Amino acid sequence: MNEISDAPTEVTAQHGERLHISGLFIGFVSGLPQLLFPLLAAVFGARKSDNPALIPIMIAAVLAISLFFRWLGWRRFRYHVGADDIRVEKGILNRTARSIPYDRIQDVSIEQKLLARMMGLSEVKFETGGGDGDDATLRFVTLEEANRLRALIRARKAGEVVAQDVPHMAEPADAETIFAMDDQRVFILGIYSFSLVIFAVLGGLAQQFDFLLPFEFWDFKRWAGLAEESGVSVNTLNGVGITGHLILAFGAFTSLIFIGFATGIVRTFLREYGFRLTQTTKGFRRQRGLFTLTDVVMPTHRVQAAVVQTGPIRKRRGWHSLKFVSLAQDSKEESNYVAAPLATLDELWRISKAAGIAAPDGDERLRKGAALHWVIQWFLFVPPLLIAVGALVIFAHAPLAPTLLPLLLLIIVALLLLLDWRRYRFGLDDQQIYLRRGWWRQKLTIAPQLKVQSVEITQGPFARRYGLASLKFGIAGGTLEMVALPLSTAQAIRAAVMEKVAAVAYSAINQSH
Amino acid sequence: MNDDNLPELTPLDPAFITTSRIATALGLLPFVIGAGVLEFARLLPPGSFLVPMLLIYGFVAYTVPARKYRHWGYDMGTDRLRVVRGYMFYSDTIVPFGRIQHIDVDQGPIDRRYGLAKLTVHTAGNHNSTVALPGLAHTNALAMREAIRAAIRQEML
């Protein structure tokens with residue numbers, strides 16, 4: 001298992017490791033849904049013939065063929081850990097050989113889905129930060145082998161000389177847990193994750209598969225008929241009186257709320273159960289998940305900025321979340337690395353400090369934006385709305401009074417802009433840039449000035465007239481835009497940041513220490 | 001739009017006016033042809049398509065490039081590149097050499113006739129991941145590229 005040849009110029013069939021054979025079974029089981037159509041085709045094909053025994057034979061044949069090709073694929077798959085790269089060779093007819101230099105490997109992630117976890121296997125992904133997600137995946141190897149590979153690549157990347165035998169380190173000795181969530185914390189997070197998404201999903205499913213249902217899903221008369229069969233009729237409903245209606249409405253509302261909370265709690269438990277963030281010499285390591293365990297490492301030097309988020313309700317309880325901005329993608333849904341989904345500010349600043357980002361200490365002198373910026377935005381809403389109202393009155397001969405209703409929109413927009421203006425703050429101190437925005441999803445972004453890639457000052461035609469400008473910072477993996485600054489302030493901030501940035505090369509800040 | 005503590009901007013090569021006139025004129029030609037076809041169909045009194053179209057065409061293809069040229073500018077510092085452009089939508093970008101990932105020098109067919117080139121620098125940032133500076137004399141663009149490369153290499157040492 002641990003052989004490392006000196007000059008692996010080419011992987012041959014004798015070289016390299018095979019994946020774990022049990023992975024075949026996992027792939028077979030998880031691939032069953034894809035076999036649905038071949039199976040259906042087989043069954044329908046066999047139905048025409050007279051022999052009823054043909055159907056099970058056809059099903060068995062489809063399954064056997066699938067298993068056979070999976071086995072062929074497994075036989076033809078080899079990976080090899082070389083001196084400079086990982087090589088993967090695969091393909092039954094079309095052979096592909098991929099080489100991934102250690103230099104380019106950003107991270108190694110280990111994932112254990114439910115089935116794999118029961119069999120002690122895991123999926124190893126080598127992430128290179130290339131645009132296309134499919135870099136190289138080993139599906140599946142034993143957890144031990146996965147940990148060995150990760151330790152090996154980390155060691156290689158750090159430029160250490162690796163002995164022939166790398167110790168199986170499931171847990172680096174220097175790891176220190178800096179944040180963890182117990183079940184109670186996960187439960188609280190679940191409550192805040194109230195979601196009615198299940199109705200959208202059920203509705204979508206009903207629409208997709210309504211041909212499978214024995215009745216029209218959207219046929220309300222039929223639902224009413226079903227209710228009547230079980231003794232509830234429209235007439236009895238009408239007979240219950242106003243109090244009864246209220247009770248029924250209240251019941252419906254409560255169950256909706258209940259389902260919303262239940263969805264949130266279940267989803268959160270699935271994702272965040274056993275959340276643990278540890279700090280190792282290489283960076284942060286996060287483990288979480290109930291059935292699907294994920295284990296993702298973020299090297300400290302790749303953290304480009306910190307995002308602290310909260311909402312109006314959870315803020316009262318002092319709960320915030322912390323994410324790190326970086327070029328690597330955490331998952332499909334989350335572009336930033338979630339370092340703490342629900343934490344107090346004390347816990348949170350401790351984590352960000354470990355990433356080299358300090359908490360605001362009062363030096364940053366957070367400033368408000370020029371109110372004029374929001375006033376201009378409001379005025380930009382007025383002409384289109386007036387034109388729309390005018391067009392309605394003139395061309396559609398609509399009566400004037402109801403058409404004025406859209407003008408209420410102006411008031412709503414004004415309120416939203418007012419809230420936005422009240423929350424918005426920007427500032428900088430010697431080392432970092434600060435930006436706070438959002439009255440519902442309140443977000444504070446902190447970026448070290450050294451990680452800024454470029455700075456742009458922009459002015460639209462209106463802002464220009466009033467001497468206002470926006471300041472856009474290019475950050476790897478994120479954006480940071482200050483708005484509503486006087487032009488001179490924008491220029492001063494840019495000059496200060498550029499003095500810091502230009503003095504240090506990018507390659508220097510991107511090295512691990 | 002210059003503030004006091006920033007150095008004067010270098011204008012682009014004047015040939016940029018010509019090349020962008022040619023490029024705009026070619027790009028808008030289909031519209032003129034379209035107007036000519038409509039004119040030929042005699043839907044409205046003669047000249048009601050072609051005359052306004054030609055006026056707009058002349059303005060966009062002749063006057064606008066000269067104005068655009070006046071609002072472009074750059075400053076090549078010892079450790080940073082500054083690119084300024086636009087009047088209605090003004091933008092003023094600074095990229096430190098230390099953050100440049102790679103550099104392109106492009107030359108289109110029109111550019112080549114007039115000895116111009118476009119310099120593009122790439123950064124790792126999501127915003128402004130590319131900053132382009134068109135209308136440079138080709139030799140000048142190459143010299144700038146070499147200067148930036150030298151600056152980056154020096155930083156690496």
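This passage describes a helix and a group of strands in chain A, followed by the contact between chains A and B, in a predicted model.

Helix 10 of chain A covers residues 241–272, a run of 32 residues. From its first C-alpha to its last the helix reaches 46 Å, which is close to the 46 Å expected at 1.5 Å a residue. Its buried residues are Gly264(A), Ile265(A), Thr268(A), Arg271(A) and Glu272(A). These buried residues pack against three elements of chain A, namely helix 6 (183–192), strand 9 (283–288) and strand 13 (337–343). Just after helix 10, Gly274(A) adopts a positive phi of about 65 degrees.

Strand 13, one of the elements packed against helix 10, also pairs with strand 12 of chain A. The pairing of strands 12 and 13 is antiparallel and extends over 4 bridges. Within it, His320(A) has Ala343(A) of strand 13 as its bridge partner. Strand 12 is joined as well to strand 11 (residues 305–310) of chain A, by 5 bridges, and these two strands likewise run antiparallel. Here Val307(A) is matched with Lys323(A) of strand 12 as its bridge partner.

Strand 12 spans residues 320–325, and because 6 of its 6 residues are buried, the strand is largely enclosed by the rest of the structure. Burial applies to both of its faces. On one side lie His320(A), Leu322(A) and Phe324(A), and on the other Ser321(A), Lys323(A) and Val325(A). Two of these buried residues thus recur in the bridges described above: His320(A), the partner of Ala343(A), and Lys323(A), the partner of Val307(A).

The contact between the two chains takes 29 residues from chain A and 25 residues from chain B. On the side of chain B that touches chain A, strand 3 (90–96) and helix 4 (138–156) of chain B each supply at least two residues. The largest share of that side, 7 residues, comes from strand 3 of chain B. By class, the side of chain B that touches chain A consists of 9 nonpolar, 10 polar and 6 charged residues.

Strand 3 of chain B also takes part in strand pairing across the two chains. Its partner is strand 17 of chain A (residues 452–459), and the two strands pair in the antiparallel sense over 5 bridges. In this pairing, Ile94(B) of strand 3 is the bridge partner of Val455(A). Strand 3 of chain B therefore combines the largest share of its chain's side of the contact with 5 bridges to strand 17 of chain A.

Notes. Residues numbered from 1 in each chain as written. Chains lettered and ligands numbered in written order. Predicted model: local features only at pLDDT ≥ 70, side-chain atom pairs only at ≥ 80, totals over all residues. Expected span 1.5 Å × (residues − 1). Buried ≥ 20, exposed ≤ 12 C-beta atoms within 10 Å, placed from the backbone. Contact = placed C-beta atoms within 7 Å. Pairing = 2+ DSSP bridges. Nonpolar A, V, L, I, M, F, W, Y, C, P; charged D, E, K, R; others polar.
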